[in-house]
Amino acid sequence: MAALIRAWLLALATATTFAVDLDGRPVTLASPGSRAVVLFFAASDCPIANRYIPEMQRLTRQFEPMGVRVWFVYPNPGDTAKVVRAHNLEFSITPHTALDTRQSLTRMAHATTTPEAAVFVPQGEGLREVYRGRIDDRYLSLGTERPQATRHDLEDAIRAVLANRPVPQPGGPPVGCSIVTLQP
């Protein structure tokens, strides 16, 4: 039993997951030379997650050339390939997209909210989480928003990874829509 649990945990921590792309093919989170993997948990029907798409696009453009692979991850059952394709088109989403139909990435990152981000670094044959939380401090609570962020938690975490410095943790919880958790 212990060996089975260890194998399952290793499968969750590897660069290949049970998530699929929009064509139903398994995704590989990290590519050769990846210095970090960022998972942005999104939902097509979450207005707060949708408001963060331009910021996630900016971070992708800024850090992808430095070896950071960004994924938009859709964990909710209602976000089918058809729905997500339309969402990507509507919001001009260009980073990699994964349907987390079994919520393996959601469990791996311990994500509970959209939007929420997790940063992983390659370690051996797998990935090690170094950050999970909000993108920035623009949202104080549901319905309470700053005109612009004053702390850029995710960007600071990515910069720390790239500089081989300790990764600062978020200054507060993510604010947004709850991820619909599948029952085992």
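**Close-ups of a predicted model**

Cys46 and Cys177 are joined in a disulfide, with their sulfur atoms 2.3 Å apart. Everything in these views comes from a predicted model.

**View 1. The disulfide between Cys46 and Cys177.** A quick reminder: a disulfide is a covalent bond between the sulfur atoms of two cysteines. The count for this model comes to one disulfide. The link of Cys46 and Cys177 is right-handed, with 90° about the S-S bond. It ties together distant parts of the chain, as the two cysteines sit 131 residues apart. Cys46 is in the loop between strand S3 (36-41) and helix H2 (47-51), while Cys177 belongs to strand S11 (residues 177-178). Are the two ends buried or exposed? Cys46 counts as buried, at 0% relative accessibility, whereas Cys177 counts as partly exposed, at 24%.

**View 2. Thr114 and the cis peptide bond that follows.** Stay with the disulfide for a moment, since Thr114 is in contact with both Cys46 and Cys177. Other contacts of Thr114, leaving aside neighbours within four places in sequence, are Phe41, Ala42, Ala43, Ala49, Gly176 and Ile179. Thr114 is part of strand S6 (residues 113-114) and counts as buried because its relative accessibility is 0%. Now look at the peptide bond from Thr114 to Pro115: it is cis, with omega near 0°. Pro115 itself lies in the loop between S6 and strand S7 (116-123).

**View 3. Ile53 in helix H3.** Helix H3 covers residues 53-63, and Ile53 is in it. With a relative accessible area of 3%, Ile53 is buried. Which residues does Ile53 touch, not counting those up to four places away in sequence? They are Phe72, His87, Phe91 and Ile93. For a sense of scale, the C-alpha atoms of Ile53 and Ala42 are separated by 8.9 Å, and these residues are 11 apart along the chain. Ile53 has company in H3, where Glu55, Met56, Gln57, Leu59, Thr60 and Phe63 are buried too. The cover over the buried residues of H3 includes S3, H2, strand S4 (68-74), helix H4 (81-91) and H6.

**View 4. Helix H3 alongside helix H6.** Two packed helices are described by the angle between their axes and the distance between the axes. Here the axes of H3 and H6 (residues 153-162) cross at roughly 15° and come within 11 Å. That angle makes H3 roughly parallel to H6. The crossing is right-handed. On the H3 side, the meeting residues are Glu55, Met56, Arg58, Leu59, Gln62 and Phe63. H6 brings Leu154, Glu155, Ile158, Arg159 and Leu162. By class, the contact of H3 with H6 has six nonpolar, one polar and four charged residues.

**View 5. Gln103 and Asn164, residues with positive phi.** Most residues other than glycine have a negative phi, and most peptide bonds are trans. Gln103 has a phi near 55°, and phi of Asn164 is near 55° as well. Where do these residues lie? Gln103 is in the loop between strand S5 (96-99) and helix H5 (104-109), and Asn164 is in the loop between H6 and S11. Gln103 counts as buried, with 3% relative accessibility, while Asn164, at 70%, counts as exposed.

**View 6. The chain as a backdrop.** Zoom out and there are six helices and 11 strands in the chain. Buried residues make up 51% of its 184 residues. Of the contacts with a separation of 6 or more, 68% come from residues 24 or more positions apart.

Definitions and conventions
Residues are numbered from 1 along each chain as its sequence is written. This is a predicted model: local features need pLDDT of at least 70, side-chain atom pairs count only at pLDDT 80 or more; totals for chains, interfaces and linings use all residues. Side-chain values use heavy atoms; hydrogens and water are left out. Helices (H or I, at least four residues) and strands (E, at least two) are DSSP runs, numbered from the N terminus. Buried means under 20% relative accessible area, exposed over 50%, partly exposed in between (1.4 Å probe, protein chains only). Contact means heavy atoms within 4.5 Å. Axes are lines fitted to C-alpha atoms, for helices over the stretch in contact, and angles run from 0 to 180 degrees between N-to-C directions. Angles under 35 degrees count as roughly parallel, over 145 as roughly antiparallel, 65 to 115 as roughly perpendicular and the rest as oblique. A crossing is left-handed if the near helix is turned anticlockwise from the far one by less than a right angle, and right-handed if clockwise. Ala, Val, Leu, Ile, Met, Phe, Trp, Tyr, Cys and Pro count as nonpolar, Asp, Glu, Lys and Arg as charged, and the others, Gly among them, as polar. A disulfide is a pair of cysteine sulfur atoms within 2.5 Å.
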